[in-house]
Amino acid sequence: MGFCVGWRLGKLWLSKKENKMLLTDIAVEHTRVSKQNGVRQTFLLHPFTDTQRDTLGKFEIVRDIREPGFKEVKRSTFVTFQQLAELYAKGVLEEFGFSVRMCPGQGTYPAANPTKKILPTSIRPGSPFDLAVQLVDVSKPATRELRTALLRTNVKL
């Protein structure tokens with residue numbers, strides 16, 4: 001079943017699964033080994049939008065940070081489709097070591113949905129998301145909304 005989400009240049013088709021919208025233009029294979037019985041399961045994972053009120057329709061990005069005198073912690077924030085494309089275009093995700101929260105396209109993941117570092121090579125060439133990344137004007141500064149979201153993860157653009 002497809003679900004159509006409008007965006008600036010046209011339409012982007014996402015798969016609808018359990019009230020989550022999967023960004024199928026990005027796919028990463030992930031193998032999980034069960035700690036109980038050692039069974040290996042391979043999943044094809046995709047970024048997905050959140051379904052909560054404040055973060056509805058946004059993707060979660062996660063970063064490990066170490067604050068002086070404290071242990072390493074994970075900080076996350078939520079970004080829109082266009083903001084995610086901008087982060088890829090500007091190389092921010094790679095530069096600051098961000099991961100993206102993912103879920104399987106088929107079946108269910110047996111634990112909390114994992115985060116994966118997504119290289120630009122995982123984006124399907126010619127897909128709507130790939131085109132959105134290519135159309136970002138990297139010479140323009142990030143919007144105030146995106147800069148504010150990234151501050152939660154100790155990143156200043």
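At what angle do the axes of helix 1 and helix 4 cross, and within what distance do they come? In this predicted model, the two axes cross at roughly 75 degrees and come within 11 Å. Angles from 65 to 115 degrees count as roughly perpendicular, and helix 1 and helix 4 are therefore roughly perpendicular to each other.

Let's look at where they touch. Helix 1 brings Gln83, Glu86 and Leu87 to the meeting, while helix 4 supplies Glu145, Leu146 and Leu150. By type, the residues of this contact divide into 3 nonpolar, 1 polar and 2 charged.

Now follow helix 1 itself, which covers residues 81-89. Of its 9 residues, 7 are buried, so helix 1 is largely enclosed by the rest of the structure. The buried residues are Phe81, Gln83, Leu84, Ala85, Glu86, Leu87 and Tyr88. Just after the helix comes Gly91, with a positive phi near 75 degrees.

Glu86 deserves a closer look, since you have already met it in the contact with helix 4. Is Glu86 buried or exposed? Its relative accessibility is 12%, and the cut-off for buried is under 20%, so Glu86 counts as buried. Its side chain makes a polar contact of 2.8 Å with the side chain of Lys90. A general point about helices helps here: with 3.6 residues a turn, an α-helix has residues three or four places apart pointing the same way. Farther along the sequence, beyond its neighbours within four places, Glu86 is in contact with Val136, Pro141, Ala142, Thr143 and Leu146. Leu146 is also one of the helix 4 residues listed in the meeting with helix 1.

Conventions. Residues numbered from 1 in each chain as written. Predicted model: local features only at pLDDT ≥ 70, side-chain atom pairs only at ≥ 80, totals over all residues. Heavy atoms only, no water. Helix = DSSP H or I, 4+ residues; strand = E, 2+ residues; numbered from the N terminus. Buried < 20%, exposed > 50% of the residue type's maximum accessible area, 1.4 Å probe, protein only. Polar contact = N/O pair within 3.5 Å; in protein donor to acceptor, adjacent residues only side chain to side chain. Contact = heavy atoms within 4.5 Å. Axes fitted to C-alpha atoms, helices over the stretch in contact; angles between N-to-C directions. Parallel < 35°, antiparallel > 145°, perpendicular 65-115°, else oblique. Nonpolar A, V, L, I, M, F, W, Y, C, P; charged D, E, K, R; others polar.
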